Amino acid sequence: MKQPSTPGAFTALKADSFGRILLVDGEHGRFVRRDLGATPLWLRLPAWWLARREARALAKLDGMEATPRLLAWDGRWLDRSYMEGAAMYQRPPHGDVAYFRAARRLLQRVHRHGIAHNDLAKEANWLVREDGSPALIDFQLAVCGNPRSRWMRLLAREDLRHLLKHKRMYCRQALTPVELRVLKRHSWVRELWFATGKPVYRFVTRRILHWEDNEGQGPKP
């Protein structure tokens with residue numbers, strides 16, 4: 001894999017306990033860098049683990065349309081291609097049936113590559129591009145595997161449920177009877193997460209790490 005290049009001019013897009021996200025203008029154009037160098041020592045292992053997951057998923061996607069392309073990963077810096085667009089909460093696709101149709105097709109392509117995104121409840125991970133089409137970013141929690149396995153199919157269904165929740169928020173009238181049934185069917189993964197994982201996540205992110213990002217869904221009004 002290509003080694004990260006020396007950064008040129010950059011703008012910090014985000015900084016938290018797991019490092020910094022930088023928008024870099026390099027010699028070959030603009031890209032996004034996840035910099036783990038500023039991560040506290042006690043968080044470097046989980047930060048590295050999350051970045052490695054993202055690198056692995058992006059490598060499997062191999063520059064697929066509407067997803068970032070992996071440029072480099074060396075254990076400290078993860079570089080990916082820059083994607084123009086606004087987060088879903090910044091440019092809400094109200095009544096935009098075409099957006100959600102395209103988003104479902106995009107998600108199906110990601111799943112066929114053997115990847116479950118696993119973090120699609122966050123509107124910040126869905127982009128609305130200039131032409132109104134969708135794109136996906138932030139594959140830190142992605143799971144890779146055989147797309148035909150029972151586990152991956154279960155995770156893919158959870159990805160779809162999260163997309164349909166956004167569709168219910170912004171385009172409720174376009175939900176089909178099948179989609180409504182999918183929304184009502186809760187898997188054991190969801191129930192386990194709400195019973196055990198989510199309380200821990202909230203405690204760690206809000207009490208220890210002091211995050212206040214509404215879990216990536218944008219600021220509350």
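This briefing covers confidence, strand pairing, helix packing and salt bridges in one protein model. The model is predicted. Its mean pLDDT is 86, and 81% of the residues reach 70 or more. The structure holds 11 salt bridges. Among them are contacts that join Asp-35 to Arg-76 and Glu-179 to Arg-104.

**Confidence**

- One stretch, residues 214–221, has pLDDT under 50.
- For residues 214–221, the model shows 17 contacts beyond four places in sequence.

**The E1–E2 hairpin**

- Strand E1 spans residues 9–16, and strand E2 spans residues 19–26.
- E1 and E2 run antiparallel and are joined by seven bridges.
- Two residues form the hairpin connection from E1 to E2.
- Within this pairing, Phe-10 sits opposite Val-24 of E2.
- In a regular strand, side chains alternate between the two faces of the sheet.

**The E6-E8-E9 sheet**

- Three strands make an open sheet in the order E6-E8-E9.
- The pairing in this sheet is antiparallel.
- E6 (86–87) and E9 (134–136) are the edge strands, as each pairs on one side only.
- E8 covers residues 126–128 and pairs with E6 over two bridges.
- Ala-87 stands opposite Leu-127, a residue of E8.
- Helix H2 lies across E8 and E9.
- The angle between H2 and E9 is about 35°.

**Salt bridges around Asp-35**

- Asp-35 and Arg-76 meet through their side chains in a salt bridge, at 3.6 Å from N to O.
- Asp-35 belongs to strand E3 (residues 29–35) and Arg-76 to the loop between E4 (70–73) and E5 (77–81), so the salt bridge ties together parts 41 residues apart in sequence.
- Asp-35 counts as buried because its relative accessibility is 5%, under the 20% cut-off.
- Arg-76 has 43% relative accessibility, so this residue counts as partly exposed.
- Arg-20 joins Asp-35 and Arg-76 in a network of salt bridges.

**Salt bridges around Glu-179**

- Arg-104 and Glu-179 form a salt bridge, with the closest N and O atoms 3.1 Å apart.
- This pair links distant parts of the chain: Arg-104 is in helix H2 (residues 97–112), Glu-179 is in helix H4 (residues 177–184), and they are 75 residues apart.
- Arg-104 is partly exposed, at 27% relative accessibility.
- Glu-179 has a relative accessible area of 6%, so this residue is buried.
- Glu-179 also makes a salt bridge with Lys-167, at 2.9 Å from N to O.
- Lys-167 lies in helix H3 (residues 150–170) and Glu-179 in H4, so their salt bridge ties together parts 12 residues apart in sequence.
- Lys-167 counts as buried, with 8% relative accessibility.

**Points to carry forward**

- H2 lies across E8 and E9 and also holds Arg-104, which pairs with Glu-179 in H4.
- Glu-179 has salt-bridge partners in Arg-104 and Lys-167.

Notes. Residues numbered from 1 in each chain as written. Predicted model: local features only at pLDDT ≥ 70, side-chain atom pairs only at ≥ 80, totals over all residues. Heavy atoms only, no water. Pairing = 2+ DSSP bridges. Helix = DSSP H or I, 4+ residues; strand = E, 2+ residues; numbered from the N terminus. Salt bridge = Lys/Arg side-chain N within 4 Å of Asp/Glu carboxyl O. Buried < 20%, exposed > 50% of the residue type's maximum accessible area, 1.4 Å probe, protein only. Contact = heavy atoms within 4.5 Å. Axes fitted to C-alpha atoms, helices over the stretch in contact; angles between N-to-C directions. pLDDT = per-residue confidence, 0-100.
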